Amino acid sequence: MAAGIALCLGALTACGGSSGTSAGGGETAIPPRAGAPTAGDKTPAAAKGDASALDGKVIVIDPGHNGGNAGHPDEINKQVKIGNGSKACDTTGTESNDGYPEHAFTWDVSKRLAKLLRAEGAKVALTRKDDKGVGPCITERAGIGNKLKADAAVSIHADGARASGHGFHIIEPISVGRNAAMVPGSHKLGKALRDAYHQGTGMAYSNYLGEEGRDRRDDLGGLNMSNVPKVFIECGNMRNKNDAAKLSSASFRQRIAESLAVGFRTYLK
């Protein structure tokens, strides 16, 4: 695991490996909403004045969970300090009712997002090198952004709430003391990603957590231990039939990545 993290840090590139359907995936692309970004209309970025927003910026993408977590309960259940208490190193994540796992979803979206951000000049690191490993712990994930002095970081997730719950929400930090300096920037990042995701994907705000797609928490080690602006996004509820159908679609995952790229551009301009 440590070697994998070192690979991620070494060159600020996505570590290898693959999971899920690649971009294109043989699916018919979902037509974007009015004003939503598409892969085609961002080329070349310089023609739209976007290149300067991301060029040279350091962005850390944290694909939630990992494919090997379930097989290593002792390792992922060990307690780590999160700034205001202790929590398990990591968890297995959730899955849709038909078995599409959150860890595969987060890995696929993260790779797509990294590719888009790099195309506009950003230096991007992922917190894990594939979808077959274990961890890293939530504190180590935060530590990668800290070590790189990232301009922004996002942890990609999908929720496992009751089936009647639907929609997405951004999780922003509350100060626990040690992370106080990053909280204002994180709130600004959260709003930029919330707005871009809502417009670009058409996904509704969560009807079970947060307010207008934004929630704030002080119990997440990935936020408590971060020194750089960082938020989580729950891209939808995998236990909701309609949300799960979207999250399971390769073309929709591409829209997610494109929308988040717009949010980073807005935040970093």
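Is Tyr205 buried, partly exposed or exposed? I looked up Tyr205 before anything else and found a relative accessibility of 26%, so Tyr205 counts as partly exposed. The cut-off for buried is under 20%. I note here that the model is predicted.

**Entry: aromatic pairs**

I searched the whole structure for aromatic pairs and got 2. In one of them, Phe168 and Tyr197 have ring centres 4.6 Å apart and planes at 55 degrees, so I entered the pair as tilted. Phe168 sits in the loop between β5 (152–159) and β6 (169–173), while Tyr197 belongs to helix α6 (residues 183–201). The two are 29 residues apart, and the pair links distant parts of the chain. I checked burial for this pair, and both Phe168 and Tyr197 are buried.

Phe168 also pairs with Tyr205; here the ring centres are 5.8 Å apart and the planes stand at 55 degrees, so this pair is tilted. Tyr205 is in the loop between α6 and β7 (214–217) and Phe168 in the loop between β5 and β6, so the pair ties together parts that are 37 residues apart in sequence. I wrote down Phe168, Tyr197 and Tyr205 as one aromatic cluster. For Phe168 I noted a relative accessible area of 0%, which makes it buried.

**Entry: the disulfide**

How many disulfides does the structure hold? I found 1. The disulfide runs from Cys89 to Cys137, with an S to S distance of 2.0 Å. I took the torsion about the S-S bond of Cys89 and Cys137, which is about -100 degrees, so the disulfide is left-handed. Cys89 lies in the loop between β3 (86–88) and α4, and Cys137 in the loop between β4 and α5 (138–148). With 48 residues separating them, this pair too links distant parts of the chain. I then looked at accessibility: Cys89 is buried, at a relative accessible area of 2%, and Cys137 is buried at 3%. I also looked up Cys235, which is buried at 0% relative accessibility.

**Entry: nonpolar cores**

Which residues touch the most other members of the largest nonpolar core? I listed Ile61, Phe105, Leu117 and Phe264, out of the 39 residues in that core. The elements that give two or more residues to this core are β1 (58–63), α4 (102–119), β4 (123–126), β5, α6, β8 (230–237) and α9 (250–268). I followed Phe264 further. Leaving aside neighbours within four places in sequence, Phe264 is in contact with Leu54, Ile59, Leu113, Leu117, Ala152, Val154, Leu189 and Leu193. I also noted another core, apart from the largest one, made of 8 residues, including Val58, Ala125, Leu148 and Ala153.

**Entry: strand β8**

I counted buried residues along β8 and got 8 of the 8, so β8 is largely enclosed by the rest of the structure. β8 pairs with β5 in the parallel sense, over 6 bridges. In the register I noted Ala153 opposite Lys230 in β8. β6 and β8 run antiparallel and are joined by 3 bridges. Ile170 stands opposite Ile233 in β8.

**Entry: Asn224**

Is Asn224 buried or exposed? I read a relative accessible area of 0%, so Asn224 is buried. Asn224 lies in helix α7 (residues 221–224). I listed what Asn224 touches, not counting residues up to four places away in sequence: Ile82, Asn84, Ile174, Val176, Arg178, Asn179, Asp218 and Asp219. Of these I looked at Ile82, whose backbone oxygen lies 3.1 Å from a polar atom of the Asn224 side chain. I also took the C-alpha to C-alpha distance from Asn224 to Arg178, which is 7.4 Å, with the two residues 46 apart in sequence.

**Entry: Gln254**

What joins the side chains of Gln254 and Arg112? I found a polar contact of 3.0 Å. Gln254 is in helix α9. The relative accessibility of Gln254 is 17%, so I recorded Gln254 as buried.

Conventions: Residues numbered from 1 in each chain as written. Predicted model: local features only at pLDDT ≥ 70, side-chain atom pairs only at ≥ 80, totals over all residues. Heavy atoms only, no water. Helix = DSSP H or I, 4+ residues; strand = E, 2+ residues; numbered from the N terminus. Buried < 20%, exposed > 50% of the residue type's maximum accessible area, 1.4 Å probe, protein only. Contact = heavy atoms within 4.5 Å. Polar contact = N/O pair within 3.5 Å; in protein donor to acceptor, adjacent residues only side chain to side chain. Phe/Tyr/Trp six-rings, centres within 6.5 Å; stacked < 30°, edge-to-face > 60°. Core = buried A, V, L, I, M, F, W, Y, C linked by side-chain atoms within 4.5 Å. Disulfide = S-S within 2.5 Å. Pairing = 2+ DSSP bridges.
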